Amino acid sequence: MNEAGPAPVISLRGITHSFGAVRALVDVDLDVHAREVVAVVGDNGAGKSTLVGVLAGVLVPDAGEVVVEGREMQLTSPGLARGLGIATVFQDLALCEDLDVVENLFLGQELRRGPALDEVAMEREAWHLLAQLAVRVPSVRAPVATLSGGQRQAVAIARALLGEPRVLVLDEPTAALGVTQTAEVLNLVERVRDSGYGVVMVSHNMSDVQAVADRVVVLRRGRVNGDFDANLASYEDIIAAITGAGPSRPERHRGESS
């Protein structure tokens, strides 16, 4: 599949990270291509949250590097991760509920006209960005506290895309959402992918994974225990890799190009 196509937009190579004596990630490789959703799944303690932290630059790995456009680098800070084109939306979203949509989107990166904030330009850009993603909110001047869970997730994703990243990392984007709101967020994930971004979606919900993923990477005890083409692998294959009933090494379930 992707092996015969374009190079990954971002690759992680040999990522290892420990918390004291606990090895949370061990020699993890991960490729992310443009226009694909890579779902990262695993049981509790598999290393998913640690991987998100490494991708976001919040956790500095003990070993390994990220490869961007052929350059090997280390993710040593959130600013560097963002500069390399990795935008992360954490599970808590980090939105300010008493601020409106525009204020949340541009918080810390406000547009100015001279010494004053350019409220008109920010409002116009907010509407444009949300329209591109087909996100519906009652008003870009509505306080985030008045929005549904799905709308809040959409605002957080839109904010992450303002810097035009290469890869969007989503940490449990449908957690605590109802059926309708979950469907809205999954549709949004697909639109982000179709807009040309690579998406890494960390999730424990296999229904969500099956709905939008192009590839499924399984973590087990900090190691990659499977890399599956979502269109070819069965639910049983993925669950076996998660539980350890399947192969204890990375297995690529691909087409004839693998």
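**Figure 1. Glycine 244 sits just after helix 8 and takes a positive phi of about 95°.** Welcome to this predicted model; we start at the end of one helix. Helix 8 covers residues 235–243, and glycine 244 comes just after this helix. Which residues of helix 8 are buried? They are Ile238, Ala240, Ala241 and Ile242. These buried residues pack against two strands that sit close to each other in the numbering, strand 11 (215–220) and strand 12 (223–229). They also pack against strand 3 and against helix 7, which spans 206–212.

**Figure 2. Isoleucine 238 is one of the buried residues of helix 8.** Leaving aside residues up to four places away in sequence, what does isoleucine 238 touch? Its partners are Val41, Met206, Val216, Val218, Phe228 and Ala233. Ile238 also belongs to the largest nonpolar core, where Ile238, Leu168 and Val192 touch the most other members.

**Figure 3. The largest nonpolar core holds 51 residues.** Helix 5, residues 149–161, gives this core its largest share, with seven residues. A second core, separate from this one, has 27 residues. Among the members of that second core are Val32, Leu75, Val167 and Val169. As background, nonpolar side chains in soluble globular proteins tend to be buried together.

**Figure 4. Leucine 93 lies in a loop, between strand 6 (86–89) and helix 3 (101–105).** Is leucine 93 buried or exposed? Leucine 93 is buried, because its relative accessible area is 14% and the cut-off for buried is under 20%. Not counting residues up to four places away in sequence, leucine 93 touches Arg152, Gln153, Ala156 and Arg159. For a sense of scale, look from leucine 93 to threonine 180: 87 residues separate them in sequence, and their C-alpha atoms are 19 Å apart in space.

**Figure 5. Arginine 35 has a positive phi of about 60°, although this residue is not a glycine.** Where is arginine 35 placed? Look in the loop between strand 2 (22–32) and strand 3 (36–41). Arginine 35 counts as exposed, because its relative accessibility is 52% and the cut-off for exposed is over 50%.

**Figure 6. Alanine 134 is another residue with a positive phi, here about 55°, that is not a glycine.** Its place is in the loop between helix 4 (119–132) and helix 5. With a relative accessible area of 43%, alanine 134 is partly exposed.

**Figure 7. Stepping back, the whole protein has eight helices and 13 strands.** The C-alpha trace spans about 55 × 40 × 35 Å along its principal axes. How does the radius of gyration fit a compact globule? A compact globule of 258 residues would have a value near 18 Å, and the 19 Å of this protein agrees with that. Buried residues make up 50% of the 258 residues. Among contacts between residues at least 6 apart in sequence, 64% join residues at least 24 apart.

**Figure 8. The surface of the protein exposes about 12,100 Å².** Carbon and sulfur atoms supply 49% of this area. The protein carries 23 positive and 34 negative charges. How far apart are the mean positions of the two groups of charges? They are 2 Å apart.

Note on methods. Residues are numbered from 1 along each chain as its sequence is written. This is a predicted model: local features need pLDDT of at least 70, side-chain atom pairs count only at pLDDT 80 or more; totals for chains, interfaces and linings use all residues. Side-chain values use heavy atoms; hydrogens and water are left out. Helices (H or I, at least four residues) and strands (E, at least two) are DSSP runs, numbered from the N terminus. The radius of gyration is taken over C-alpha atoms; the globule rule is 2.2 Å times the number of residues to the power 0.38. Buried means under 20% relative accessible area, exposed over 50%, partly exposed in between (1.4 Å probe, protein chains only). Contact means heavy atoms within 4.5 Å. Accessible areas come from the Shrake-Rupley method with a 1.4 Å probe; for residues, only the protein chains shown count as cover. Lys and Arg count as positive and Asp and Glu as negative; His and the chain ends are not counted. The place of a charge is taken as NZ of Lys, CZ of Arg, CG of Asp or CD of Glu. A nonpolar core is a set of buried Ala, Val, Leu, Ile, Met, Phe, Trp, Tyr and Cys residues joined through side-chain atoms within 4.5 Å.
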